[in-house]
Amino acid sequence: MMPPAHPFDDDKLKEECGVFGVIGTQDASNFVALGLHALQHRGQEAGGIVSYDAELGFQSARRFGYVRDNFTSQKIMETLPGSLAIGHVRYSTSGNKGQTAIRDVQPFFGEFAMGGAAIAHNGNITNANALRRELIERGSIFQSSSDSECIIHLMARSLQRNIPERMEDALRRVEGAFSIVAMTRTKLIGVRDPLGVRPLVLGRVGDGWALSSETCALDIIGAEFVREIEPGEMVVITDKGVESLFPFRRVAPRFCIFEHVYFSRPDSILGGRSVYETREAIGRELAKEAPVDADLVCPVPDSGTPAAIGFSLQSGIPYAMGIIRNQYMGRTFIEPTEQIRNMGVRLKLNVNRALIRGKRVILVDDSVVRGTTSRKIKEMILDAGAAEVHFRIASPPTAWPCFYGVDTPQREKLLAATMSEDEMRAHLGVDSLKFISLDGLYRAVGEAKGRNNACPQYCDACFSGEYPVKPSDMLEKGFEMKAAE
């Protein structure tokens with residue numbers, strides 16, 4: 001297992017995957033490797049690239065670990081020639097967590113009557129178990145434990161004439177969240193599910209094109225951001241240009257609001273808005289909703305930083321780096337005995353003692369999941385001599401699991417599922433604890449009137465328990481949804 005990008009292994013929600021594809025450039029796989037490097041925060045467990053070359057056909061490489069440790073090797077990159085390539089970085093949300101087999105690493109490849117196709121999927125299919133059972137009964141042989149493989153089998157069974165049509169056919173059977181980058185011998189294909197839960201953007205690179213989970217990965221290859229792929233849209237890109245189709249029934253989109261809060265990089269643009277500016281606006285809203293008299297505003301690095309800056313600007317309380325992060329934290333470099341494990345947070349973060357001593361400190365973080373890390377940080381701040389510790393959280397309480405491609409603990413392990421805000425404050429042992437309200441979060445992402453409760457503008461199921469797509473596989477396993485009010 002690779003260490004997560006965030007300093008705390010078990011106490012952050014983990015985004016599932018990042019996808020990237022390029023067509024119409026020499027050595028497309030090199031561009032894909034760079035794009036995946038910029039998307040590394042979306043998955044650190046493993047990565048894969050598939051390329052196509054007219055003489056050598058489809059070639060693929062899949063590796064565990066970071067992009068920089070694998071796809072910077074000239075030896076590997078020389079095996080991936082061609083002007084068309086796609087790639088994927090993963091953190092397992094479906095399949096066997098923690099014991100991933102290399103066969104679970106995407107992109108997946110299938111050979112069809114009309115030629116081969118590879119597919120990389122970001123999101124989670126909520127009816128994968130039912131589809132898998134049906135496909136196995138009909139003779140499909142699965143190679144992996146990933147929900148994404150269902151798409152390849154559904155495509156194989158489709159009677160449509162070409163691969164984009166087969167993909168349409170397959171995706172009409174699929175429920176849940178999917179942003180997909182796929183390729184044939186001559187086409188780069190991008191698709192977003194009708195709700196547009198996960199991001200996907202289109203860029204221009206020289207005479208060619210790129211598809212990416214986020215705009216920050218277009219920047220790294222010097223591509224120009226053209227536009228977002230729309231919810232429910234399929235683009236088929238060839239040397240003739242971009243063809244746009246809308247194969248699904250139109251519905252009101254529900255983009256994942258947590259992409260704005262935490263998952264996406266702050267230098268990306270989402271829905272025409274700078275992620276950094278949105279996070280700063282969240283901090284401003286927090287300062288209005290939950291002011292507190294204090295001496296310093298300190299972020300929990302790095303995800304709390306833009307919100308802490310916003311909180312400081314709005315409140316007039318000075319911003320300070322009260323906690324310093326060790327940028328070189330890889331795997332724990334000594335055998336992790338119990339004693340070393342307890343030092344875990346200190347290996348990753350250290351308190352700036354001279355700054356903190358005697359001060360009333362506001363700590364700004366993006367979320368509280370299990371609460372284990374928040375307690376450790378609070379203890380470190382108090383050990384350094386802080387007079388008071390106030391937590392301000394840049395998202396509402398996370399009380400429900402995500403089934404659309406985010407690795408969330410079971411509901412009973414989410415602190416907010418079992419405790420009120422006041423009980424959480426007592427549990428964490430801080431002087432005050434306040435979360436941004438759901439309306440405040442909506443205002444910060446540009447919805448001036450807040451959340452439209454009759455028809456929410458975003459997917460916020462992890463906060464509200466209102467799931468836009470019924471999680472049928474989980475219901476089958478006994479998951480209980482929130483009772484209708």
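Student: Is glutamate 233 buried or exposed, and what is its relative accessible area?

Tutor: In this predicted model, glutamate 233 is buried, because its relative accessible area is 1%, and the cut-off for calling a residue buried is under 20%.

Student: Which side chain does glutamate 233 meet in a salt bridge?

Tutor: The general idea is that side chains of opposite charge can pair when their charged atoms come close. Here the side chain of glutamate 233 meets that of arginine 227 in a salt bridge, at 2.7 Å from N to O, and arginine 227, at 27% relative accessibility, counts as partly exposed.

Student: How many salt bridges does the count come to, and which parts of the chain does the pair of glutamate 285 and arginine 443 link?

Tutor: The count comes to 23 salt bridges. Glutamate 285 forms one with arginine 443, with the closest N and O atoms 3.3 Å apart; this pair links distant parts of the chain, since glutamate 285 belongs to helix 9 (residues 275-289) and arginine 443 to helix 17 (residues 438-444), 158 residues apart. Glutamate 285 is buried, with a relative accessible area of 11%, whereas arginine 443 is partly exposed, at 32%. Elsewhere, Arg42, Arg198, Glu214 and Glu259 are joined into one network by salt bridges that share partners.

Student: How should I read the side chains along strand 6, and which of them point to the buried face?

Tutor: In a regular strand the side chains alternate between the two faces of the sheet. In strand 6 (residues 108-112), Phe108, Gly110 and Phe112 point to one face and are buried, while Phe109 and Glu111 point to the other face and are not buried. Strand 6 runs antiparallel to strand 7 (residues 115-125), the two being joined by 5 bridges, and a hairpin connects them through 2 residues. Within this pairing, phenylalanine 108 stands opposite isoleucine 119 of strand 7.

Student: What is the strand order in the open sheet of 4 strands, and which strands stand at its edges?

Tutor: The order is 18-21-22-24, with parallel pairing. Strand 18 (296-299) and strand 24 (432-435) stand at the edges, and each has a single partner strand, so one side of each is left without a neighbour in the sheet. Neighbouring strands of this sheet are turned by 20° against each other on average, direction ignored. Strand 18 pairs with strand 21 (residues 360-365) over 4 bridges, and the bridge partner of proline 299 is valine 364 in strand 21.

Student: Which backbone values should I look at in the loops, and where is phi positive in a residue other than glycine?

Tutor: Most residues other than glycine have a negative phi, and most peptide bonds are trans. Aspartate 27, in the loop between strand 2 (17-23) and helix 1 (28-38), has a phi near 50°. The peptide bond from glutamine 106 to proline 107 is cis, with omega near 0°, and proline 107 has its place in the loop between strand 5 (84-90) and strand 6. A cis peptide bond also joins proline 301 and aspartate 302, with omega about -10°.

Student: Why is cysteine 459 not bonded to cysteine 256?

Tutor: A disulfide is a covalent bond between the sulfur atoms of two cysteines. The closest cysteine sulfur to that of cysteine 459 is the one in cysteine 256, and at 6.2 Å it is too far for a bond; the count comes to 0 disulfides.

Note on methods:
Residues numbered from 1 in each chain as written. Predicted model: local features only at pLDDT ≥ 70, side-chain atom pairs only at ≥ 80, totals over all residues. Heavy atoms only, no water. Disulfide = S-S within 2.5 Å. Pairing = 2+ DSSP bridges. Axes fitted to C-alpha atoms, helices over the stretch in contact; angles between N-to-C directions. Buried < 20%, exposed > 50% of the residue type's maximum accessible area, 1.4 Å probe, protein only. Salt bridge = Lys/Arg side-chain N within 4 Å of Asp/Glu carboxyl O.
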